[in-house]
Amino acid sequence: MTPADLDDVERIENSVYAFPWTRKNFADSISSGYSAWVVRDAGAMLGYCVLMMVLDEGHLLNISVAKDAQGKGVGRFLLDWTEKVAVSLGARTVLLEVRPSNPVAQGFYERHRYERIGVRRNYYPAPGGREDAIVMRKTFLAGEHQVSGSARQAGRGAL
């Protein structure tokens, strides 16, 4: 993800979330050096993700798929890619938050071996107040998600 991608990122973000990240959130993520990627097909953006690394832990901050690309494997591709890069950067685990009101996302992460480990109270903005977040974690086994040198060096860019 680069600043040139932000128009498309913002369009998708606003179309899939009632409380979207702002363009500045994405710009700040890029300028902070977080790993951020987009997926495009014939120039059309299908999705994106943002990963922050802290020591040996990845934190998946955002993963989103355009409405017309949902259900076609883009989310699975992005999650797998994120995990591979996190492991290549030394992650033993990846954490994420998901809304209790989003059972589709919860099921997606559970199918990919993420476990519920806690709750962050009043984490998300919600209609009429705040909503908790379910914290989920995936722990990687030794040798899981081995990646090539080119993936390790990918850091940021289009997939």
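Let's start with the parts list: five helices and seven strands make up this chain, and keep in mind that what you're looking at is a predicted model. If you walk along the sequence, the elements come in the order α-α-β-β-β-α-β-α-β-β-α-β. So much for the parts.

Now for how the chain packs. Of its 159 residues, 43% are buried, where buried means having under 20% relative accessible area. Take the contacts between residues at least 6 apart in sequence, and you'll find that 60% of them join residues at least 24 apart. On the outside, the chain shows about 8,400 Å² of accessible surface, and carbon and sulfur atoms account for 51% of that.

Next, the empty space. Rolling a probe the size of a water molecule over the atoms shows where such space is left. Here, the largest pocket holds about 1,200 Å³. A set of 38 residues lines this pocket, and if you want to find its centre on screen, look for Y17, I63, N102, A105 and Y109, the lining residues that lie nearest to that point.

Which elements each supply at least two residues of the lining? Two of them are strands and helices you meet in the middle of the list: β3 (57-65) and α3 (74-88), and alongside these come α1 (6-16), β4 (93-98), α4 (103-111) and β5 (115-126). The biggest contributor is β3, which gives seven residues to the lining of the largest pocket.

As for chemistry, the lining of the largest pocket is a mix: 21 of its residues are nonpolar, ten are polar and seven are charged.

Conventions
Residues numbered from 1 in each chain as written. Predicted model: local features only at pLDDT ≥ 70, side-chain atom pairs only at ≥ 80, totals over all residues. Heavy atoms only, no water. Helix = DSSP H or I, 4+ residues; strand = E, 2+ residues; numbered from the N terminus. Buried < 20%, exposed > 50% of the residue type's maximum accessible area, 1.4 Å probe, protein only. Contact = heavy atoms within 4.5 Å. Areas by Shrake-Rupley, 256 points an atom, 1.4 Å probe, with all protein chains shown as cover. 1 Å grid on protein atoms, 1.4 Å probe; cavity = no way out; pocket = protein on both sides within 12 Å on 5 of 7 lines; lining within 4 Å. Points joined across faces, edges and corners; volume = space filled by probe spheres on them. Nonpolar A, V, L, I, M, F, W, Y, C, P; charged D, E, K, R; others polar.
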